[in-house]
Every structure is written in structure tokens, then in C-alpha cells.
Amino acid sequence: MVPWQDATAHNFSYLGAAFALGAGICWAIYIYYGQRVVRQNIGMHALSIAIVLSAMVMLPISAVHNPEALLKTEYWGKALLIALLATAIPYALDLMALKRLSKLSYGTLSSLSPALGAIAGFFLLKEQISLWQCIALICIMLASIGVTFRSKQDPDDL
């Protein structure tokens, strides 16, 4: 959330606000085109191609910045585990959800990720959140519940 009321403060970052807005726009584009890809039955193939292409782009960058780490085989298993847990499995589940849910339902339910992260941070890391942040989390969760129930009643939404 961009604190627009603090836009005149000396520590407000217009660049950060632009990045936040850009991230939201990119997320909307991801949902729109992701659903189109899975409806054409090329979802998992596109995911495989995207993962291979991203690895090919990142490998030379890693080779320049830390070539010794690429040659240490003790890291390869951990790298594969991270690739599976942080990329392949979540995006495969995303594609399955995009195939079965409307754009509205998927977008709202995916907004639970920051709320779940905040709750995990509160319980696992003893992080404190403000009253306004608690209210925002409750609103996000209520919206997710509402959209989920609405989509069960009206399967043709969006």
C-alpha cells in the first residue's frame, strides 16, 4: 500500500510508489494472460519453457558474479530444491488455480499471500503489526471469503 498521505514527507519515495504501482499492473497482466494460456492447454509447457529460459538468462550473470559457487556440487541439491519449492511447484499450482477459477476469484484469493505472510511473521517471528495493518488484513480476508462464496453461487462471474 502506498502511503499517499505522506507524499510530501522528505522520506517518501516516488520511485518506490511507481514500482508498487508497476507491480500491481504486472500482477493483473499475469492473471489475465495466465488464464488465457491455461485455457489454451499450453500452461505447463509454457511454464517449462519459462523456467528454462530464466535459468539460461541467470546462469551467465551468476557465472560472472560468483563462478566458484556454480562449480561447487554441494550446492546443486539445494539449488534444485529451491527451484522446485520456490518456482516450479508454486507456478504449477497457480496454473491449475487459474484454469479452475475466474480472474476475480483468483486475484482476490491470491491477495491472501501477504496476509498469510503477516500472520506467519506475527506467530513465528514475533513481528508486530499496527492496528491499521490488522484492519487491512481482516478486510483482505473478508473480501477473499466473500468472493469465494459468490463464485460458488455464480459460476459464470468474469
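**Exercise 1. Find what the side chain of Q35 reaches, and decide whether Q35 is buried or exposed.**

Start with the polar contact: the side chain of Q35 reaches the backbone oxygen of L101 at 2.6 Å. A polar contact here is a pair of N or O atoms within 3.5 Å; within protein, one must be able to donate a hydrogen and the other to accept it, and residues adjacent in sequence count only if both atoms are side-chain atoms. Before going on, note that this is a predicted model, where local features need pLDDT of at least 70 and side-chain atom pairs count only at pLDDT 80 or more, while totals for chains, interfaces and linings use all residues. Residues are numbered from 1 along each chain as its sequence is written, and side-chain values use heavy atoms, with hydrogens and water left out.

Next, place the residue: Q35 sits in helix 1 (residues 14-39). Helices are DSSP runs of H or I with at least four residues, strands are E runs of at least two, and both are numbered from the N terminus.

Now list its contacts (heavy atoms within 4.5 Å). Skipping neighbours within four places in sequence, Q35 touches Y30, L98, L101, S102 and K103.

Last, the verdict: Q35 counts as buried because its relative accessibility is 4%. The cut-offs are under 20% relative accessible area for buried, over 50% for exposed, and partly exposed in between (1.4 Å probe, protein chains only).

**Exercise 2. Work out where S62 is found and what S62 touches.**

Look in helix 2 (residues 43-65), and there's S62. Leave out residues up to four places away in sequence, and S62 touches P67 and L70. With 30% relative accessibility, S62 counts as partly exposed.

**Exercise 3. Say what stands out about the phi of K126, and where K126 is found.**

Begin with the background: most residues other than glycine have a negative phi. K126 is not a glycine, yet has a positive phi of about 60 degrees. Then find the spot: K126 is in the loop between helix 6 (112-124) and helix 7 (131-153). Its relative accessible area is 62%, so K126 is exposed.

**Exercise 4. Describe the secondary structure and burial of the protein chain.**

Count the elements: seven helices and zero strands. From the N terminus on, they run α-α-α-α-α-α-α. For burial, 16% of the 158 residues count as buried. Finish with contacts: among those between residues at least 6 apart in sequence, 65% join residues at least 24 apart.
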